[in-house]
Amino acid sequence: MSDLTYKVDGNNKSLANALCDEQHNICAYTETYLGRSDKKDIEHFNPTLKNTSGDSYQNWFLVKAQWNGEKASKWNDYQPILHPTDKQFEKRIIYFEGEYIAASSEDQEALNLISLLKLDDPDLAIERRCYLENLKENLDLYGKPAQQYVDYLLTTRPSLVYYIRAIEEELQVKVNFDLVKTK
């Protein structure tokens, strides 16, 4: 991916497509599906790097425009911050019943990321819980093990599989996006 560049005021379709493929059509911040009708932005996680030599693929994410817009002017208020690709991310930010919370109330980087990206947004948490409740109801109707049902959805209706961390933690399954490519 190192050959991709962000073109200021240029055509970034190739970059957006690469990010979309890598993220499996899922918003990097909300974990909701990026559908055809969604306005998508290439987000520069650290906006101070935009248009500098330090801006690179590790700083770019495809996100829903609303979340990008809400984050845009608040960067300096939330420093220091945990990077979304940090290897310790899932240990430092815990998923629990639809909510994302810092594992430690002393972890300012994690607390700042949660606040900046609004991972603790109450409406989004409700959406996550409702999505999982519906998924569990459908799983009961399907009558097969959870892993088999999630694999089935990935091969037949991949756009119905999002909130990946919630699915994996609540259903104790692995969301294997390689199944989408092999169908």
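Select Lys40 and Lys64 to begin: Lys64, in strand 2, is the bridge partner of Lys40. The model on screen is a predicted one.

**Stop 1: the strand pair**

Keep Lys40 in view and extend the selection to strand 1, residues 40–44. Strand 1 and strand 2 run antiparallel and are joined by five bridges. Now move to His44, whose bridge partner in strand 2 is Trp60. Are these strands covered or open? For strand 1, four of the five residues are buried, so the rest of the structure largely encloses it. Strand 2 is mostly covered, with five of its five residues buried.

**Stop 2: the loop before strand 1**

Step back to the loop between helix 1 and strand 1, where Ser37 is located. Ser37 has a relative accessible area of 74%, and because the cut-off for exposed is over 50%, it is classed as exposed. Draw a C-alpha to C-alpha distance from Ser37 to Lys7: the two are 24 Å apart in space and 30 residues apart in sequence.

Asn25 is also to be selected here, in the loop between helix 1 and strand 1. Its phi is near 60 degrees, a positive value in a residue other than glycine. Asn25 counts as partly exposed because its relative accessibility is 26%, which falls between the limits of 20% and 50%.

**Stop 3: the second largest pocket**

Stay on Asn25, which is part of the lining of the second largest pocket. Add Cys20, Asp21, His24, Tyr33, Pro158, Val161, Phe177, Val180 and Lys181 to complete that lining. Helix 1 and helix 8 (178–182) are the elements that give two or more residues to it. The pocket holds about 180 Å³ of space. Colour the lining by class to see six nonpolar, two polar and two charged residues.

**Stop 4: the largest pocket**

Which residues lie nearest the centre of the largest pocket? Select Ala28, Glu31, Pro84, Thr85 and Glu90; these are the ones, out of a lining of 31 residues. About 980 Å³ of space lies in this pocket. The classes in its lining are 17 nonpolar, five polar and nine charged residues.

Next, show the elements around the largest pocket. At least two lining residues come from each of helix 1, strand 2, helix 3 (89–92), helix 4 and helix 7. Helix 7 contributes the most, with three residues.

A short detour leads to Pro80, in the loop between helix 2 (65–71) and helix 3. Display the backbone from Gln79 to Pro80: this peptide bond is cis, with omega near -5 degrees.

**Stop 5: helix 7 and its two ends**

Approach helix 7 through Tyr163, in the loop between helix 6 and helix 7. Tyr163 is not a glycine, yet its phi is positive, at about 50 degrees. Is Tyr163 buried or exposed? Its relative accessibility is 2%, and since the cut-off for buried is under 20%, Tyr163 counts as buried.

Then select Ile164, Arg165, Ala166, Ile167 and Leu171, which are buried in helix 7. Which elements do the buried residues of helix 7 pack against? Show helix 3, strand 3, strand 4, helix 5 and helix 6, which are their packing partners. Just after helix 7 comes Gln172, with a positive phi of about 55 degrees.

**Stop 6: the nonpolar core**

Hold Ile167 and Leu171 in the selection and add Leu135, which touches both of them. Tyr149 and Leu153 are also touched by Leu135, leaving aside residues up to four places away in sequence.

Widen the selection to the largest nonpolar core, which has 51 residues. Label Tyr29, Ile93, Leu113, Leu135, Ile167, Leu171 and Val175, which have the most contacts inside it. The elements giving two or more residues to this core can be coloured in turn:

- helix 1 (13–22) and strand 2 (60–64)
- strand 3 (93–96) and strand 4 (99–102)
- helix 4 (108–117) and helix 5 (122–142)
- helix 6 (146–156) and helix 7 (164–171)

The tour can close on strand 2, which gives residues to this core and pairs with strand 1 through five bridges.

Notes. Residues numbered from 1 in each chain as written. Predicted model: local features only at pLDDT ≥ 70, side-chain atom pairs only at ≥ 80, totals over all residues. Heavy atoms only, no water. Core = buried A, V, L, I, M, F, W, Y, C linked by side-chain atoms within 4.5 Å. Buried < 20%, exposed > 50% of the residue type's maximum accessible area, 1.4 Å probe, protein only. Contact = heavy atoms within 4.5 Å. 1 Å grid on protein atoms, 1.4 Å probe; cavity = no way out; pocket = protein on both sides within 12 Å on 5 of 7 lines; lining within 4 Å. Points joined across faces, edges and corners; volume = space filled by probe spheres on them. Nonpolar A, V, L, I, M, F, W, Y, C, P; charged D, E, K, R; others polar. Pairing = 2+ DSSP bridges.
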